Amino acid sequence: MTTALYRKYRPGNFEEVTGQEHITKTLKNAIGMGQISHAYLFTGPRGVGKTSIARIFAKTINCKDIKKGEACNKCVMCKSFIDGKAIDMIEIDAASNRGIDEIRDLRDKIKFAPNQAKYKVFIIDEVHMLTKEAFNALLKTLEEPPAHAIFVLATTEIHKVPDTIISRCQRFDFERINTKLITARLEDISKKEGFEYELKALEMIAVEASGGLRDAISLLDQVSSFNAKKITEMEIKSIIGRADLEQIFNVALLMAKGKTKEPLDIINDLVLRGGDVNQFVKNLLEFLREVFLFKLARRESEKIPKEYLEKVSNATSERELIDILEILANVEKQSKLSSLPQLPLEIALVKIGMSIRGQIYEGIIEKKVSEKSSKEMITDTGSNKWEELLLEIKSSNHSVHAFLKAADPEIDKGVLVLAFLYQFHKERIEDVKNKMILEKAIAKVYGEPLRVKCVLKKGEKMKKEEDKKSDIVAKSIEIFGGEIVG
Ligand SMILES: [Zn+2]
């Protein structure tokens, strides 16, 4: 296999780094003046150069011929780093080595002076993943580091790193890289590799990578290996579209299976990459709507492969799909108002997961989140068909209206199911004359006839869910209109 482009084009010195100039300049100056700290903390999104700069830093401080804060890339030391043979640079991925044993092992290693280099450099990637015990052990080391030991801690989630650690480090905040800089770098690589390309295509890759150079170069790598001829805008468009759809499909399927952690991870990843949560929710809703129509009426979609529709449809019931859609429809509204756009979606994923696993999610969170929207639903009768129906009936018959108000409405396969607490109420609505009044009003409000079925509620407990259910009915009608009957 050929070397991945990203590895092949790793920067060899600070000058070659794309973006992060505020950091490379500071480090270069510090090295030039011989002012080196014992601990550095690199924080920022993934794929923006944290590890690359950490490695350049380790090489440069050990170079035997530093010039203006840059490594010579020629001396024995530089060569050992370039060849990946520098035994005094120790890289630890905290995501897979998060325990106390690794840190103890590290503490043992620290005691020994470097073998060849001047400094022993420990790069701990994803440092936020360490356990509490491991952090404590690390803290002890940072409190009294040997003169030859230097730490570079890197993280994408600074809020998970204890303050005691942060305060011992010189902190550098990495930024997403400007799209223009990424495009220029992609162009540079393409020229060196002899790729033919449309500039617009490279720009699209840069935008898609949302500030992550590593993702951008990986995508370029992928595209160039697909098609040796030319990298075109159209090709990039279709690749990006496919990737997005696949991600939506994965989240939908995981949700339908009642999973919570995996979809949350995907959302987290999306946010870290600077993705648009609102757009994601919109796409997810559109996708699930197609699944719903497929389940109800075997209606196939032009945009979504049948295989995707089938898989999600088979993993869930109609009732669950309505629940999912109803919860997500609220997310769309809330995300736009939230200062943390991903939060409503995250809460929704937890609720959906619990609901599908048969756990009760109606708690404080549920009430707080839905408070605003359910109030809107109740007062905004224009969009709430059930409320509209009640009003319509009230104008013709007061007693039917009163009995209906006590019912829990639910639409199931084109049937309006009304659940009553008392047998007496149920019987009154089932009365032929009253039922006719009701059916006439339904046809008028919903624009089509719906069969009415009256049932008795199973005990008092369900009464609490009244508001929620009328919401679901209104929402499902709002979303699916007449198509609900199939
Ligand atoms: Zn050197």
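Contact here means that heavy atoms lie within 4.5 Å of each other. With that meaning, glutamate 290 touches Arg299, Ser301, Ile304 and Leu309, when residues up to four places away in sequence are not counted. Glutamate 290 has its place in helix 13, which spans residues 277-297. Because its relative accessibility is 11%, and buried means under 20%, glutamate 290 counts as buried. The structure described in this report is a predicted model.

**The chain as a whole**

The protein chain has 22 helices and eight strands. Of its 486 residues, 48% are buried. Among the contacts in the protein chain with a separation of 6 or more, 72% are accounted for by residues 24 or more positions apart.

**A sheet of three strands**

Strands 6, 7 and 8 form an open sheet in the order 6-7-8, and the pairing within this sheet is mixed. Strand 6 (408-412) and strand 8 (451-456) stand at the edges with a single partner strand each, so that one side of each is left without a neighbour in the sheet. On average, and with direction ignored, neighbouring strands of this sheet are turned by 25° against each other. Strand 6 and strand 7, the latter covering residues 415-420, run antiparallel and are joined by five bridges. Proline 409 stands opposite leucine 418, a residue of strand 7. Helix 21 (residues 432-446) packs on the sheet, where it touches strand 7 and strand 8, and its direction makes about 125° with that of strand 8.

**A pair of packed helices**

Two packed helices are described by the angle between their axes and by the distance between the axes. For helix 9 (residues 199-208) and helix 10 (residues 213-226), the axes come within 8 Å and cross at roughly 135°. Since angles over 145 degrees would count as roughly antiparallel and those from 65 to 115 as roughly perpendicular, helix 9 and helix 10 are therefore oblique to each other. The crossing in which helix 9 passes helix 10 is right-handed. The residues that make this contact are set out by helix in the table.

| Helix | Residues in the contact |
|---|---|
| Helix 9 | Leu202, Ile205 and Glu208 |
| Helix 10 | Ala216, Leu219 and Leu220 |

Divided by character, the residues of the contact of helix 9 with helix 10 comprise five nonpolar, no polar and one charged.

Conventions
Residues numbered from 1 in each chain as written. Predicted model: local features only at pLDDT ≥ 70, side-chain atom pairs only at ≥ 80, totals over all residues. Heavy atoms only, no water. Pairing = 2+ DSSP bridges. Helix = DSSP H or I, 4+ residues; strand = E, 2+ residues; numbered from the N terminus. Axes fitted to C-alpha atoms, helices over the stretch in contact; angles between N-to-C directions. Parallel < 35°, antiparallel > 145°, perpendicular 65-115°, else oblique. Left-handed = near helix turned anticlockwise from the far one by under 90°. Nonpolar A, V, L, I, M, F, W, Y, C, P; charged D, E, K, R; others polar. Buried < 20%, exposed > 50% of the residue type's maximum accessible area, 1.4 Å probe, protein only.
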